[in-house]
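Here are some short exercises to help you find your way around a new model. Try each one before you read its solution.

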Amino acid sequence: MGAGPAGLLLSQLLHLAGIDSVIVENRSREYVIERVRAGILEQGTVDLIREIGAGERLMREGLPHEGIHIRFDGMRHRIDLAALTGGRHITVYGQNELVRDLIGVREATGRPLFFEASDVSVHDFDSARPSIRFQAEGEEQRIACDFIAGCDGFHGVCRQSIPPADLRIYERDFPYAWLGILAQAAPSCDELVYSRHERGFALFSMRSPSVTRLFLQCAPDEDVDQWPDDRIWEELCTRLGTTDGWRPNRGPILLKGVTGMRSFVAEPMRHGRMFLAGDAAHIMPPTGAKGLNLAASDVRNLAAALAGYYRSGGETLLDEYSGKCLSRIWKAQRFSLWMTAMLHNAPGSDAYEGRRQTAELEYLMGSKAAMTSLAENYVGLPMD
Ligand code: RFL
Ligand code: PHB
């Protein structure tokens, strides 16, 4: 269920293991391909994409980054990710580009992928013969299957179809959100800049040598209409600019939007013969750039467990799926929350909190141990 990164990666892994699948997606092909979201791939995610034969354009157009900058007190401080992690790095590549590539790979297999499915529902997943029902291509469709993979995102039907008493939910809301833009402007720094500023967090990122992606901390209910282009650029330059005169290049704004922030984990990630993967089971603030990468590590485990089942009939790996994923997910939750708390200005927070954040940042930049901890989490903890 779902043609986001989790569903598409899983279906290709299954295809390579000789396992049939049907993908059911409720949005249109164009919508899924054009939806602008994440942009940072961990090295393990890039390796997985290459292993399944979907990495050709990623290797050509993705931007490898060996470091990031943290800006505070008017200065940029570089963290050398590669030097601190034995040469590991991240790759900047738009999630929508990855989804475009994965849809191409799926379509080349000739296996089914339904877009614009409506009235989607899942049934009998606590029995040996689950099924999925939906409307698509003008007909009522019904698929009988061995397993359902709930890769349908945070608002999907799979998690919501599990009896609430059988799920434990852990969640936390944040009193801020991100106003994000995509701009036709050459990045003025070749690495990301995460900024703590008394007016709020800001982030400088990019998509290509001619497109910059930028974010500003804002209110959860911020009205984008109150943000004409000039106001956005003024605020970005104030929060990101440094005393050496560096600031982002301006250019036409191609897209504006507000992204809410929440931490959420549903346990276990399995109910009978339905398995949850990616945002369907967990989300976190984007400050750690982890969501898409966790979707990849979840489905890597799920594909291995399903392949093991079809090879031997054994269910050990299926039984271990949820626990194995959750161990990595909770470490990413911890990291994302830590990055978020270090860099954002909670409304109403006191002077003590401001001084604590400064001390945290000064300690980080002054300690190789602290920088190594950030670096090994940012490039991605081992998938196994
Ligand atoms: P998705 O991508 O939401 O895909 C789920 C798919 O399921 C479809 N769907 C249904 N299909 C059938 N029936 C239904 N009833 C359905 N309901 C929904 C949806 O249309 C969709 O196509 O989940 P998936 O595959 O788990 O992938 C997760 C990632 O999309 C998400 O974690 C990341 O985008 C989060 N994220 C980031 N992650 C990173 O690793 N690095 C980043 O730099 C990063 N930055 C971000 C982010 C998310 C952001 N936003 C917009 C929330 C930056 C932002 C601003
Ligand atoms: C992005 O480029 O979209 C991006 C980069 C880093 C983040 C979140 C989003 O932490």
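**Exercise 1.** How far is an oxygen atom of ligand 1 from an N or O atom in the side chain of Glu 25?

Before solving it, note that this is a predicted model, where local features need pLDDT of at least 70, side-chain atom pairs count only at pLDDT 80 or more, and totals for chains, interfaces and linings use all residues. Residues are numbered from 1 along each chain as its sequence is written, chains are lettered from A and ligands numbered from 1 in the order written, and side-chain values use heavy atoms, leaving out hydrogens and water.

*Solution.* Start at Glu 25: the distance is 2.6 Å. Next, go to Arg 35, where a polar side-chain atom sits 2.7 Å from a ligand 1 oxygen. Then try the backbone: an N or O atom of Gly 291 is 3.2 Å from an oxygen of ligand 1.

**Exercise 2.** Work out how much of ligand 1 the protein covers, and what its shell is made of.

*Solution.* On its own, ligand 1 has 1,000 Å² of accessible area (Shrake-Rupley method, 1.4 Å probe), and the protein covers 89% of that. Now sort the shell residues: 14 are nonpolar, 11 polar and seven charged. Finally, look for the top contributor: helix 9 gives the most, with four residues.

**Exercise 3.** How many disulfides (pairs of cysteine sulfur atoms within 2.5 Å) does the structure hold?

*Solution.* Zero. Check Cys 145: its nearest cysteine sulfur, in Cys 158, is 10 Å away. Cys 145 counts as buried (under 20% relative accessible area, 1.4 Å probe, protein chains only) because its relative accessibility is 12%.

Note on methods
Disulfide = S-S within 2.5 Å. Buried < 20%, exposed > 50% of the residue type's maximum accessible area, 1.4 Å probe, protein only. Polar contact = N/O pair within 3.5 Å; in protein donor to acceptor, adjacent residues only side chain to side chain. Helix = DSSP H or I, 4+ residues; strand = E, 2+ residues; numbered from the N terminus. Nonpolar A, V, L, I, M, F, W, Y, C, P; charged D, E, K, R; others polar.
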